[in-house]
Amino acid sequence: MPYNPSPEVAVARDAANKLKAKAAIVIYVSDDGEKIGMASYGQDAKTCKAAAELGDWLYESASQHVIRSRRAGDKRI
């Protein structure tokens, strides 16, 4: 599996290493609250694919929550 140098994946990779986990998924919101994103990491190709699939599902769920919260006037996230 090729190394991904993106800063988002680096955060997920570092989290997995520090937590001694075989995979990590990071959901993040930008400082201005305008961008929500997801990064995932798995220690091998099979685990990486599974983490990415789960990450996509979590991203969609988190995104919908943030959109609903913003529409309700909640600007915390």
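**Close-up views of the predicted model**

**View A. The buried residues of helix α2 are T47, C48, A51, G55, S63, V66 and S69.** The coordinates shown here and in the other views are those of a predicted model, not of an experimental structure. The partners against which these buried residues of α2 pack are the two strands, β1 (23-29) and β2. In an α-helix there are 3.6 residues to a turn, so residues three or four places apart point the same way. Helix α2 has 27 residues, for which a rise of 1.5 Å a residue predicts a span of 39 Å; the C-alpha atoms at its ends are 39 Å apart, so the expected and modelled spans agree. Of the elements in the protein, α2 has the lowest mean pLDDT, 93, while α1 has the highest, 96.

**View B. L58 belongs to helix α2 and touches I25 and I27.** These contacts leave out residues up to four places away in sequence. Is L58 buried, partly exposed or exposed? Its relative accessible area is 29%, which lies between the limits of 20% and 50%, so L58 counts as partly exposed. L58 and I25 are separated by 33 residues in sequence, and their C-alpha atoms are 8.8 Å apart in space.

**View C. K20 sits in the loop between α1 and β1.** The phi angle of K20 is near 55°, a positive value in a residue that is not glycine. K20 has a relative accessibility of 77%, and because this is over 50%, K20 counts as exposed.

**View D. D44 is placed in the loop between β2 and α2.** With a relative accessibility of 33%, D44 falls between the 20% and 50% limits and therefore counts as partly exposed. The C-alpha atoms of D44 and A23 are 9.0 Å apart, with the two positions 21 residues apart in sequence numbering.

**View E. The largest pocket has a volume of about 210 Å³.** Its lining consists of eleven residues, and those nearest the pocket centre are P2, N4, V9, Y41 and C48. Two or more lining residues come from each of α1 (7-19), β2 (36-42) and α2 (45-71). Which element gives the largest share of the lining? That element is β2, with three residues. By residue class, the lining has seven nonpolar, three polar and one charged. C48, one of the residues nearest the pocket centre, is also among the buried residues of α2.

**View F. The protein as a whole has two helices and two strands, in the order α-β-β-α along the sequence.** The C-alpha trace spans about 40 × 20 × 20 Å along its principal axes. Of the 77 residues in the protein, 26% are buried. Among contacts with a separation of 6 or more, 41% join residues 24 or more positions apart. The mean pLDDT of the protein is 91, and 99% of the residues score at least 70. Where pLDDT is low, predicted coordinates should not be read in detail.

Methods. Residues are numbered from 1 along each chain as its sequence is written. This is a predicted model: local features need pLDDT of at least 70, side-chain atom pairs count only at pLDDT 80 or more; totals for chains, interfaces and linings use all residues. Side-chain values use heavy atoms; hydrogens and water are left out. On a 1 Å grid over the protein atoms alone, a cavity is a set of points where a 1.4 Å probe fits but cannot get out, and a pocket is an open set with protein on both sides within 12 Å along at least five of seven lines; lining residues have an atom within 4 Å of a point. Grid points are joined across faces, edges and corners, and a volume is the space filled by probe spheres set on the points. Helices (H or I, at least four residues) and strands (E, at least two) are DSSP runs, numbered from the N terminus. Ala, Val, Leu, Ile, Met, Phe, Trp, Tyr, Cys and Pro count as nonpolar, Asp, Glu, Lys and Arg as charged, and the others, Gly among them, as polar. pLDDT is the predictor's confidence in each residue, from 0 to 100. The expected span of a helix is 1.5 Å times one less than its number of residues. Buried means under 20% relative accessible area, exposed over 50%, partly exposed in between (1.4 Å probe, protein chains only). Contact means heavy atoms within 4.5 Å.
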